[in-house]
Amino acid sequence: QVQLVESGGGLVQAGGSLRLSCSTSGRTFHTYTMGWFRQAPGKEREFVASFKWSGRRTNYADSVKGRFTISGDSAENTVYVQMDSLKPEDTAVYYCAASRAYFGDFTSRGAYDYWGSGTQVTVSA
């Protein structure tokens, strides 16, 4: 009922920046909370940031605080994550997720109902 498509990934040097986009479509009226997760090879998918459409509240993993910024454009039904001061350890496939819930533990994968297919981010040393 909700489709998510990520874009904007690529290869950058350490210290550089990327902006990822998550385009949403379908029954977006039923989506209240958005999240970004990432998964590096051989590791679990981990929380990066979350965003609520109502009030634009945000939350960040400690590893990205001060470097990443999540935001949303309601007119375009698109959520972004601006990634600055990138480090090699940021290398991962980045996934967009959406939840039908306004409340919950949105650092957990289980809180989300819909997922995109991911976009690769590679940061060279």
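Tutor: Let's start with a term: two residues are in contact when they have heavy atoms within 4.5 Å. This is a predicted model, where local features need pLDDT of at least 70, side-chain atom pairs count only at pLDDT 80 or more, and totals for chains, interfaces and linings use all residues. Residues are numbered from 1 along each chain as its sequence is written, and side-chain values use heavy atoms, with hydrogens and water left out.

Student: Which share of the chain's contacts between residues at least 6 apart joins residues at least 24 apart in sequence?

Tutor: That share is 58%.

Student: What makes up the secondary structure of the chain?

Tutor: There are zero helices and 11 strands. Both are DSSP runs numbered from the N terminus: a helix (H or I) needs at least four residues, a strand (E) at least two. From the N terminus on, you meet one β element after another: β-β-β-β-β-β-β-β-β-β-β.

Student: Why is the chain called as compact as a globular protein of that length?

Tutor: Its radius of gyration is 13 Å, close to the 14 Å that the globule rule gives for 125 residues, so the description fits. The radius is taken over C-alpha atoms, and the rule is 2.2 Å times the number of residues to the power 0.38. Along its principal axes, the C-alpha trace spans about 40 × 25 × 25 Å.

Student: How do you know that C22 and C96 form a disulfide?

Tutor: The cut-off is a pair of cysteine sulfur atoms within 2.5 Å. For C22 and C96, the S to S distance is 2.0 Å, so the pair meets that cut-off. A search of the whole structure finds one disulfide.

Student: Which parts of the chain does the pair tie together?

Tutor: C22 sits in strand β3 (residues 18–26) and C96 in strand β9 (residues 92–99), so parts 74 residues apart in sequence are tied together.

Student: What makes this disulfide left-handed or right-handed?

Tutor: Look at the torsion about the S-S bond: here it is about -80°, so the disulfide is left-handed.

Student: Is C22 buried or exposed, and how do you know?

Tutor: Buried means under 20% relative accessible area, exposed over 50%, and partly exposed in between (1.4 Å probe, protein chains only). C22 has 0%, so C22 is buried. C96 also comes out at 0% and is buried. Across the chain, buried residues make up 42% of the 125.

Student: What about S50: buried or exposed?

Tutor: S50, in strand β5 (residues 46–52), has a relative accessible area of 7%, so S50 counts as buried. Leaving out residues up to four places away in sequence, S50 touches several residues, including M34, R57, I70, F106 and Y112.
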